[in-house]
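Please open the structure in your viewer and keep the selection tool at hand, since this tour moves from one selection to the next.

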Amino acid sequence: MSTLDRTWFHKQWRHLRLWRRFFAQAVVRETHYRAHFLTTLLVGLVQLGLGIVPTLLLFGFTDELHGWTRAEVIALVGVFQIVTGLIATFVAPNLNRMTSYLTEGELDSVLLRPVSSQFYLTLRWINVAELTNVASGIVVLTIGLMQAGIGFGPAQAVQAVVLVACGLVLLTAVWSLLAFLAFWLQSVEPIGYVFQNLVEAGRYPLVFFPLAVRTFLTFAFPVAFATTFPVQALSGELGWGTVGLGVVLALVAQGLARLMWRRGLLTYSSASS
């Protein structure tokens with residue numbers, strides 16, 4: 001292994017250890033606010049119930065719609081709950097702070113730290129309580145798969161996990177690109193609300209939408225990789241080509257986010273100057 005490779009691995013390991021500290025601190029904070037944990041759990045269960053109700057109403061008059069059964073859509077709602085729970089846990093607490101980082105001078109101190117500033121601002125804060133939504137999503141996904149009689153093998157499971165990971169990376173990159181507009185705009189706080197509203201489209205199968213919307217939800221705002229495609233992978237309806245496409249798009253999206261962050265830093269002047 002070359003010196004360059006050893007330096008790269010050392011740097012990544014250092015960032016991983018730092019993130020572990022972030023997570024440990026988040027757990028400690030959560031133990032001091034147990035009411036918040038219970039409130040988040042109750043709110044998540046209510047949101048999950050509200051998400052299932054439209055599905056029950058929709059399939060109250062038919063057993064299948066555009067090739068999807070009620071059980072498969074319930075499984076999709078479970079995946080959606082898992083994905084949104086992970087975003088609310090690891091992504092939203094950070095990107096929602098982007099305006100304050102730039103306008104209140106907090107970025108100045110971050111730039112002085114011996115770590116990647118983009119890494120620090122994207123992953124510093126963690127809302128552990130939101131992991132309850134991930135757990136409830138896993139339960140709903142399991143129920144939906146059992147009702148649908150879907151028996152998937154190791155290959156399908158790997159495809160689904162990789163697609164969910166790609167979907168999370170893609171959605172995080174899209175939100176990051178929008179949040180980094182704070183370098184040029186006075187405030188990007190409304191962007192978070194727009195993002196969360198667009199994510200709601202992932203609650204329904206991609207085929208339920210017109211062609212133009214399906215294209216948008218696959219390539220421009222790729223929520224399909226995080227919700228619809230993983231369920232189809234578990235059903236054996238997707239091949240490795242879609243998985244490969246997801247990986248390529250995720251890498252490209254991350255590269256674009258990195259480039260925009262660096263471009264933004266070039267235009268940044270200290271809030272205290």
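The expected span of a helix is taken here as 1.5 Å times one less than its number of residues. With that in mind, and remembering that this is a predicted model, begin by selecting helix α7, residues 131-148. Its 18 residues should span 26 Å at 1.5 Å a residue, and the end C-alpha atoms are 26 Å apart, so the expected and modelled values agree.

Within α7, colour the buried residues next: Thr132, Asn133, Val134, Ser136, Gly137, Val140, Leu141, Gly144 and Leu145. Then step just past the end of the helix to Gly149, which takes a positive phi of about 70°.

Now select Gln81, which lies in helix α3, residues 70-95. Is Gln81 buried or exposed? Its relative accessibility is 5%, and because buried means under 20%, Gln81 counts as buried. Show its side chain together with that of Ser136, and you will find a polar contact between the two at 3.5 Å. If you leave aside the neighbours within four places in sequence, the residues in contact with Gln81 are Gly44, Leu48, Asn133, Ser136 and Gly137; Asn133, Ser136 and Gly137 also appear among the buried residues of α7.

For the last stop, go to helix α12, residues 240-267, where Leu256 has its place. Leu256 has a relative accessibility of 45% and therefore counts as partly exposed. Add Val248, Val252 and Leu259 to the selection, and together with Leu256 they make a nonpolar surface patch of about 370 Å².

Terms used:
Residues are numbered from 1 along each chain as its sequence is written. This is a predicted model: local features need pLDDT of at least 70, side-chain atom pairs count only at pLDDT 80 or more; totals for chains, interfaces and linings use all residues. Side-chain values use heavy atoms; hydrogens and water are left out. Helices (H or I, at least four residues) and strands (E, at least two) are DSSP runs, numbered from the N terminus. Buried means under 20% relative accessible area, exposed over 50%, partly exposed in between (1.4 Å probe, protein chains only). A polar contact is a pair of N or O atoms within 3.5 Å; within protein, one must be able to donate a hydrogen and the other to accept it, and residues adjacent in sequence count only if both atoms are side-chain atoms. Contact means heavy atoms within 4.5 Å. Patches are made of residues with over 30% relative accessible area and no salt bridge: like charges are joined within 9 Å, nonpolar side chains (Val, Leu, Ile, Met, Phe, Trp, Tyr) within 5 Å. Accessible areas come from the Shrake-Rupley method with a 1.4 Å probe; for residues, only the protein chains shown count as cover. A salt bridge is a side-chain nitrogen of Lys or Arg within 4 Å of a carboxyl oxygen of Asp or Glu.
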